Amino acid sequence: MATDDEASRRAGWQLLFKAVKPYGRGVTLGVMAGLLWTAGKVAVPKLTQKAIDNAIVTSKQPLWFWAVMILIAGAIQGTFTGLRRYQAFGVSWRAETDLRQRLYAHLQRLHFAFHDKAQTGQLMARAATDIQQIQQFLTMIPITISNIVTILAITTILFLTNWKLAIVALVALPLINVFAKRFAREVHPASMNLQAELSDYATVVEESITGIRVVKGFGAEPIQYDALTTRAGRVFDRAIVLARIRARFNPVLDFLPAVGLVAVLGYGGWLVINNHLSIGELIAFNVYVTMLIGPLRMTGMLVAQAERAVASSQRIDEIMATAPAIVDRPKAAPLPAGSGEVVFDDVTFGYIAGAAPVLDGFSLHVQPGEAVAIVGATGSGKTTVARLIPRFYDVDAGRIALDGVDIRDLKVTELRKAIGIVFEDTFLFSDTIRGNIAFAEPHAPQDDVERAARLSGAHDFIMNFPEGYDTVIGERGFSLSGGQRQRLALARAILADPRVLILDDATSSVDPTKEHEIREALDEVMRGRTTIVIAHRPATIALADRVVLLEEGHVVAEGTHEGLLETSERYRAVLAQAEALEEELEEAAS
């Protein structure tokens, strides 16, 4: 029975094979070019032998003839060196591009629960460093095959020339196989450790950059620098271990052919003196033995690179083998006609199996065109409600229906296109303002983009920028204020014209003194559209037709904002608590 490590290695090799399989024609052309390169390369010493024996020593043939033949062989070697490398790099880069696209597409398909646990730096390392290791290995395939053929061709020529001298020359070479097996056994775990440390290093860099405001806000630059130094030191240590292993193996590759060369000079010289071997054959023998050094060294490089590539393939296969949890069911239905009726029917859901559920027997019926505000203390499950409607997660029990159909029976892409979300943590891309608003509809007419911006209250501040809608904003939109980012996010949702609009604390980053501006925009956008509002500010909550108070995952009160203020002590307490927390945050910020 195969161990987990053996199964993982096998999966790594299978991924490498699948990566190069579509480009078999390119590999074949590269190998053919390599064979012709080999023919030109191994012909030169033999032609040199003929020139010495037949033109220099005996003058039987003109020297210029052999000189021309050597030049032709050199030209063949040079020409097919270029073609071999072109095909090798062409195949490896195509395979790398294909693998990058496959990995990216798979990451896009993976569910939120996977991304909740995965570290961005680790994923980036796999998409960059690990795939690069695979590319470098694939480049070596045609080159390595031609080197192996070179070794076989040289060995054959040596035995055909003088089998006794060939045995003397090559007697030490079987030891290379012994060392190569030992080298592979040691270098694989070292390669795995190095790749893992590189990923950890990338994680620290990624977190330090994306969290630069937190780092600077707490004056924690020295702490992050120390963390990075620690990770860099571990990378260095693993790299040194790998280098030490290679340093023990590579001298063997240099030394063993040298042993053969000394043996050829000794025994071969005796054969020449006793007229059993010509001077040209002895010189050719020496050249051939010297020519073995390069291919043998490449063999060592191949073993090392193959182990690093397999280690990288194993790490990529870990992701590729992860099945998306949120997928279309067999015979998934297209989105039905409707106006956005949303029904939660006795829904239970928890993020961690075995832990207390976040939602426990939660039921809610939102009529088409109705605006419902969900209010509750921190941890009551408000945001979870917003995440379940577009099927970011699947419920553990109960059902959620959109216009009468269980959302699990709908096609995921159509379901999500029918739902627009404005998150509390607004994310904008490094693109123009127009590109961010038209993110889901990149070919939307400019008039539609501007209409969405006007409805969200963003048009005026956009036009204050010198380049207007063509203004390029920085990463995550941090060059804008929090309120400006949320207005652009709202415009993005409006342009998508969703059947159901979810506002997850969409006014949390807006200055309370200017809240009325975006509130007016929200009032217009929500009119006649099914809307679920996650909010804690009374003015935003008042926009809803109905308010639902959530506590410990189920509804404890519902009614209008004014009605609950009068009848529910718990509702008043939740709003007071939210207001106090907001005041504390404002004081801390000032």
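These legends go with close-up views of a predicted model.

**View 1. Strand 6 is covered on both faces.** Strand 6 takes in residues 419-422. In a regular strand, side chains alternate between the two faces of the sheet. Here Ile419 and Ile421 sit on one side, with Gly420 and Val422 on the other, and all of them are buried. The partner in this view is strand 7, residues 500-504, which runs parallel to strand 6 and is joined to it by four bridges. If you want a spot to start from, look at isoleucine 419, which stands opposite valine 500 in strand 7.

**View 2. Four strands make an open, antiparallel sheet.** Strands of a sheet pair through backbone hydrogen bonds, either parallel or antiparallel. Reading across this sheet, the order is 2-1-4-5. Strand 2 (359-366) and strand 5 (405-406) are the edge strands, as each of them pairs on one side only. At the strand 5 end, two bridges link that strand to strand 4 (residues 397-402) in the antiparallel sense. One pair to pick out is alanine 401 with its bridge partner in strand 5, aspartate 406.

**View 3. A nonpolar patch lies on the surface.** Leu36, Trp64, Phe65, Val68, Ile72 and Ile76 together make up this patch, which covers about 550 Å². Helix 3, running from residue 63 to 109, is the biggest contributor, giving five residues. Isoleucine 76 belongs to that helix. Its relative accessibility is 33%, so isoleucine 76 counts as partly exposed, because that class falls between the 20% and 50% cut-offs.

**View 4. Serine 146 is tucked away in helix 5, with a relative accessible area of 1%.** The helix itself spans residues 120-161. Serine 146 counts as buried because its value of 1% is under the 20% cut-off. Setting aside residues up to four places away in sequence, serine 146 touches Gly34, Trp37, Thr38 and Arg84. Leucine 35 is worth finding too: its C-alpha atom is 5.7 Å from that of serine 146, although the two residues are 111 apart along the chain.

**View 5. Serine 312 is buried in helix 11.** Look for this serine in the stretch from residue 293 to 320, which forms helix 11. How accessible is serine 312? Its relative accessibility is 0%, so serine 312 counts as buried. What is serine 312 in contact with, leaving aside neighbours within four places in sequence? The contacts are Asp130, Gln133, Ile134 and Gln195.

Definitions and conventions
Residues numbered from 1 in each chain as written. Predicted model: local features only at pLDDT ≥ 70, side-chain atom pairs only at ≥ 80, totals over all residues. Heavy atoms only, no water. Buried < 20%, exposed > 50% of the residue type's maximum accessible area, 1.4 Å probe, protein only. Pairing = 2+ DSSP bridges. Patch = residues over 30% accessible without salt bridge, like charges linked within 9 Å, V, L, I, M, F, W, Y side chains within 5 Å. Areas by Shrake-Rupley, 256 points an atom, 1.4 Å probe, with all protein chains shown as cover. Salt bridge = Lys/Arg side-chain N within 4 Å of Asp/Glu carboxyl O. Contact = heavy atoms within 4.5 Å.
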